[in-house]
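Work through the exercises below with the coordinates open. Each task is followed by a solution in steps.

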Amino acid sequence: MTNAASALLALLLALSLPAITVVSAAPLASHAMSPDPTTAEETTNRLALHEDAESGYAGTGPDLGTALATQDDELRVDYDLFVAEDEFVDRTFEEQQEAVDAGHERIRDRIDDLEDREREAIRRHAEGELSDAELIRTFVRNTNEAAALEDALNRLDDRADRVPGYSISVDSDQARLERHESATRTRLDAASHNLGGPTSVDVVVDTSEDGYTIGAIDGGTYVRETTRFDNRDATEPDQFETPGAAEEYVLQQYPWAADNLADGSRGTVGFPAANLYRTSLPTVQGDLTVYLDGGTGDVHREVQELAVEELPTTPADRTWTNDSLELSVNETPANGPLEVTVTDRETDEPVDATIVVDDYEVDETDDGTLWVVPPASEFELTAATAEGNVTATLPDS
């Protein structure tokens, strides 16, 4: 099949997806984040954004624009690789090496472009120039392109192995691509492409000039990823030099995790070409993955997947009521998820309710209870039922 025919086929497939737009979200509110890492009692510390950030709920569903952009990115990745493959046929070993090197350089340039696109989108969102929907489209598009580039790297690596006495290293490139992969992004991607998963996904997004945070409830798991751009400088000398030194620093930054490790694959891997270290810490509450920048000596990225039922909770200072309903909230540390419960005031039986954060409809309670990721600033939490509504303002004053 020719490149033109492949492009036409991809376009037709993309056009067959449902043309449903991204769900609009409530207006975002400004807040100031604490210095990182935020200390949390009886759970993992949390990487935070330094400067004022925009915070609020956003959602997504099947989206045609994202599908078209994704198909175009995948075709361009294939083209980069096919050029290398064409140059590979009937060449000398030296020419084959040059072809692989050229393909590798093109893919690295694409990774640079990917990082620049995401950082620019986050900056524009923090400044109010980019909507929630457009930001999420960028996240989904970059997740798909990162997957295509990783596949291209693996195929290029296999091709290099066909050249006697020659090999390439792709580990550091793959480590850079990992920044565009997470459980939250996978769910956003599935919803955007209508892949048989959730039809929509609700996330809380914080953005600032220096980074972003995405938080969501995935089944019974609190998933949270934060990236700090100002904590990344691959051009500076490595502050750690060995994975062991990097891991020791990470354990100092996350002391609860260091003291509450579970059975699993704990360890640190260094990626010298990227000046980056990845530390995996399985804890009794869930998994923590930390990406440490060798140049700055700081945590550049953090991904947490924690079981909500294992998180320590404390009740809010009071409950909120109307004539027939009672709303109560159990809080978790470091602005973690809230356990929201709605009951009948007379019978104390659970009541089905729609939970709304500010103007954003999050989800329905299950047996009167729902876990909710809160925005980082003050917000209104409403339980809406056929018998009436009850509203709380949080954090509780």
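The exercises go from the whole chain to a helix pair, a set of strands and one loop residue. The model is predicted.

**Exercise 1. The chain as a whole**

Task: State how many helices and strands the protein chain has, and what share of its residues is buried.

Solution:
- Step 1. The secondary structure comes to 8 helices and 18 strands.
- Step 2. Of the 397 residues in the protein chain, 49% are buried.
- Step 3. For sequence separation, take the contacts between residues at least 6 apart in sequence; 64% of these join residues at least 24 apart.

**Exercise 2. A helix pair**

Task: Classify the relative orientation of α4 and α6 and describe the residues of their contact.

Solution:
- Step 1. Helix α4 covers residues 132-161 and helix α6 residues 183-192; they pack at an angle of about 100°, with axes 9 Å apart.
- Step 2. Angles of 65 to 115 degrees count as roughly perpendicular, and α4 and α6 are therefore roughly perpendicular to each other.
- Step 3. From α4, the residues in contact are Ile136, Phe139, Val140, Thr143 and Asn144, and α6 supplies Arg185, Leu188, Asp189 and Ser192.
- Step 4. Sorted by type, the residues of this contact give 4 nonpolar, 3 polar and 2 charged.

**Exercise 3. Strand β4 and its partners**

Task: Find which strands pair with β4, in what sense, and how they are joined.

Solution:
- Step 1. Strand β4 spans residues 211-218, and 6 of its 8 residues are buried.
- Step 2. Strand β3 (residues 201-208) pairs with β4 in the antiparallel sense over 5 bridges. Asp206 has Thr213 in β4 as its bridge partner.
- Step 3. The link from β3 to β4 is a hairpin through 2 residues.
- Step 4. Strand β5 (residues 221-228) runs antiparallel to β4, joined to it by 8 bridges. Here Tyr212 stands opposite Thr227 in β5.
- Step 5. The hairpin of β4 and β5 has 2 residues between the strands, and Gly219 takes a positive phi near 65° there.

**Exercise 4. A loop residue**

Task: Is Asn45 buried or exposed, and what does Asn45 touch?

Solution:
- Step 1. Asn45 lies in the loop between β1 (29-31) and β2 (53-60).
- Step 2. The cut-off for buried is under 20% relative accessible area; Asn45 counts as buried because its relative accessibility is 7%.
- Step 3. Leaving out residues up to four places away in sequence, Asn45 touches Pro37, Thr38, Thr39, Ala40, Gln253, Tyr254, Pro255, Glu302 and Gln304.
- Step 4. A polar atom of the Asn45 side chain lies 3.0 Å from the backbone nitrogen of Ala40.

Technical notes. Residues are numbered from 1 along each chain as its sequence is written. This is a predicted model: local features need pLDDT of at least 70, side-chain atom pairs count only at pLDDT 80 or more; totals for chains, interfaces and linings use all residues. Side-chain values use heavy atoms; hydrogens and water are left out. Helices (H or I, at least four residues) and strands (E, at least two) are DSSP runs, numbered from the N terminus. Buried means under 20% relative accessible area, exposed over 50%, partly exposed in between (1.4 Å probe, protein chains only). A polar contact is a pair of N or O atoms within 3.5 Å; within protein, one must be able to donate a hydrogen and the other to accept it, and residues adjacent in sequence count only if both atoms are side-chain atoms. Contact means heavy atoms within 4.5 Å. Axes are lines fitted to C-alpha atoms, for helices over the stretch in contact, and angles run from 0 to 180 degrees between N-to-C directions. Angles under 35 degrees count as roughly parallel, over 145 as roughly antiparallel, 65 to 115 as roughly perpendicular and the rest as oblique. Ala, Val, Leu, Ile, Met, Phe, Trp, Tyr, Cys and Pro count as nonpolar, Asp, Glu, Lys and Arg as charged, and the others, Gly among them, as polar. Two strands pair if DSSP finds at least two bridges between them.
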